[in-house]
Amino acid sequence: MAKANEQEIELYQGSKRIHPKWTTGFFSKWRIAMVLITQFVFLIVPWFNYDGRQAVLLHVADRHFYFFGLVLLPSDLIFMSGILFMAAFGLFWWTTIAGRLWCGYACPQTVYTEIMMWFDRIFEGDRAARLKLEKAPWDARKIRIKLMKYTAIFLMCAWIGLTFIGWFTPIREVFKFNMTGTQWGVAIFYGFVTFLLAHIMREQVCKYMCPYARFQSAMFDKDTLIISYDPERGEPRGKKKKGDDTKKGDCVDCTLCVQACPVGIDIRNGLQYECIGCAACIDVCDEVMVKQGKPKGLIRYTTESAMEKAYPESKIWTRLKRPRVVGYGLILAIILTAWIIGIFNRQNVRVDVIKDRGVIARYNEVGRAENTYTLRFLNASDKVQVVNAEITGIDGIQLTGVPANYELNPGDPVSLPVQVSIPAELANADDGKSTQHIFFKFTYKAKDGSEERTFEEKAAFVKEIR
Ligand code: SF4
Ligand code: SF4
């Protein structure tokens with residue numbers, strides 16, 4: 001029992017469900033647009049076809065990554081790592097400039113939470129109606145509303161779970177329910193996790209689980225864009241009554257910014273790590289300001305330095321030239337340039353020339369000095385490639401074993417044993433060299449006639465025959 005002046009606090013305090021107020025306005029429209037754009041990419045793009053196959057597919061079973069005309073194989077790990085590096089540095093760069101813009105508009109947690117809140121609003125109404133419904137007894141009306149809402153959420157999560165599998169295996173097969181037990185398991189798990197994180201846990205994920213929320217403060221500086229309440233303009237806050245001449249700030253203490261906040265904080269208490277930068281408070285406060293006949297922007301995008309009057313807010317963009325932004329931008333530009341150059345110079349056909357150590361250099365049946373090799377071909381494109389091979393490096397050198405117009409199907413490596421021979425009088429030559437460099441020259445073009453390329457592979461020829 002707590003004595004007077006003592007406060008009893010629970011060791012574990014369950015969080016209250018937050019029912020944010022629906023907002024309209026400039027930034028709310030951007031949030032809706034980002035939901036539509038990201039979900040168009042996630043749910044619709046896998047249905048696009050390119051050249052008779054799914055345009056975007058991380059085909060796990062085939063170990064191929066298709067992105068329209070680009071096909072990456074496990075041997076292209078460097079390009080896949082490049083994509084991840086660009087995503088990481090892009091995020092660092094963007095966070096340094098614009099703070100939690102990713103969290104507020106494009107993070108899957110934000111986007112799916114927004115979708116779940118649409119369902120809340122469609123079936124249960126806005127904040128006041130939802131709060132009322134929460135307190136209401138479980139009568140027929142409440143059961144009917146909840147049943148309809150959770151059916152819609154279930155269908156949405158099922159769609160999301162199945163589409164997730166459709167990124168890794170052909171989506172048309174997935175939606176014919178032609179899936180393995182593991183794929184079913186992953187689809188159900190992914191759909192359930194979406195429901196759990198976006199509908200049940202919501203802001204708890206950003207507050208307590210998201211690692212990015214923890215380390216992004218390392219990328220913030222005083223010139224990073226933040227959402228901030230202007231206390232100089234807003235305080236002292238308070239409702240203005242008719243005939244009350246006491247000088248008050250612009251904040252009328254309507255608490256709408258708190259009601260609209262999806263993480264349940266009061267932005268007027270200053271910058272808080274829970275703030276995901278969704279700008280709902282800006283929209284709702286701007287509406288209040290307009291009604292009060294005051295200028296918008298009591299809560300606005302600004303920087304810490306601008307709030308401290310280190311420079312006028314109109315000059316925020318000039319701070320883009322600071323070393324951290326330039327540094328991240330430069331790294332990003334270098335990786336992007338290297339990635340593009342690499343992709344354009346990437347060989348569709350790759351060949352490993354392997355000297356066959358099991359077969360010694362010898363004279364063949366027509367008396368020429370011969371070495372054997374294995375050519376390991378890989379067609380890294382999604383088209384049949386027609387290959388021709390030549391050999392150079394020693395006078396009179398000949399290559400046998402590679403058929404003219406040799407056709408390579410896309411996919412797994414193919415090994416071809418080949419023989420290289422030189423005139424007998426050049427073997428065991430008195431030049432002090434037991435081996436000499438030779439050059440396999442390969443020319444390939446896609447069977448449909450597009451793009452012809454030539455490249456060389458160097459190998460050693462053993463001239464010393466015992
Ligand atoms: S919405 Fe604006 S006016 Fe209303 S309490 Fe928040 S800051 Fe003050
Ligand atoms: S304080 Fe404003 S910007 Fe931050 S999470 Fe709440 S509503 Fe969004």
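Which residues are around ligand 1? Select ligand 1 and show its surroundings: you should find Tyr229, Cys251, Val252, Asp253, Cys254, Thr255, Cys257, Arg268, Cys285, Met289, Leu298 and Ile299. Keep in mind as you click around that this is a predicted model.

**Stop 1: the two ligands**

Stay with ligand 1 for a moment and colour its shell by residue class. You get nine nonpolar, one polar and two charged residues.

Now hop over to ligand 2. Here 13 residues surround the ligand, and the closest are Cys261, Cys275, Cys278, Ala279 and Cys281. Use the colouring again: this shell divides into 12 nonpolar residues, one polar and no charged.

**Stop 2: a three-stranded sheet**

Next, select residues 56–59, which are strand 3, then 64–67 for strand 4 and 70–72 for strand 5. Together they make an open sheet in the order 3-4-5, with antiparallel pairing. Strands 3 and 5 stand at the edges with a single partner strand each, so one side of each has no neighbour in the sheet. If you look at how the strands lie against each other, neighbouring ones are turned by 10 degrees on average, ignoring direction.

Zoom in on the pairing of strand 3 with strand 4, which is antiparallel over four bridges. For a landmark, pick Val56: opposite it, in strand 4, stands Phe67.

**Stop 3: a helix pair**

Select 77–98 (helix 2) and 323–344 (helix 15). The two pack at an angle of about 155 degrees, and their axes are 9 Å apart. An angle like that makes helix 2 roughly antiparallel to helix 15. The crossing of helix 2 past helix 15 is left-handed.

Turn on side chains to see who meets whom. From helix 2, the contact includes Phe79, Phe85, Met86, Phe89, Phe92 and Trp93. Across from them, helix 15 brings residues including Arg324, Tyr328, Leu332, Ile335, Leu336 and Trp339. Counted by class, the contact between helix 2 and helix 15 has 16 nonpolar, five polar and one charged residues.

**Stop 4: a four-stranded sheet**

Move on to strand 11 (385–392) and strand 13 (406–408), then add strand 15 (435–446) and strand 16 (452–462). This is an open sheet with the order 13-11-15-16, again with antiparallel pairing. Which strands stand at the edges? Strand 13 and strand 16 do, each with a single partner strand, so one side of each is left without a neighbour in the sheet. Neighbouring strands here are turned by 30 degrees against each other on average, direction ignored.

Strand 11 is a good one to follow. With strand 13 it pairs over three bridges, and Gln385 stands opposite Leu408 there. With strand 15, strand 11 pairs over eight bridges. Two spots to label on that side: Asn388 stands opposite Thr443, and Ala389 has Phe442 as its bridge partner.

**Stop 5: strand 14 and its partners**

Finish by selecting 414–422, which is strand 14, along with 369–379, strand 10. How many bridges pair these two? Nine, in the antiparallel sense. To find your way, label Arg376 and its bridge partner in strand 14, Ser415.

Then add 398–400, strand 12, which runs antiparallel to strand 14 and is joined to strand 14 by three bridges. Thr400 is the residue to click here, with Gln419 of strand 14 opposite.

Definitions and conventions: Residues numbered from 1 in each chain as written. Chains lettered and ligands numbered in written order. Predicted model: local features only at pLDDT ≥ 70, side-chain atom pairs only at ≥ 80, totals over all residues. Heavy atoms only, no water. Pairing = 2+ DSSP bridges. Axes fitted to C-alpha atoms, helices over the stretch in contact; angles between N-to-C directions. Parallel < 35°, antiparallel > 145°, perpendicular 65-115°, else oblique. Left-handed = near helix turned anticlockwise from the far one by under 90°. Contact = heavy atoms within 4.5 Å. Nonpolar A, V, L, I, M, F, W, Y, C, P; charged D, E, K, R; others polar. Near = heavy atom within 4 Å.
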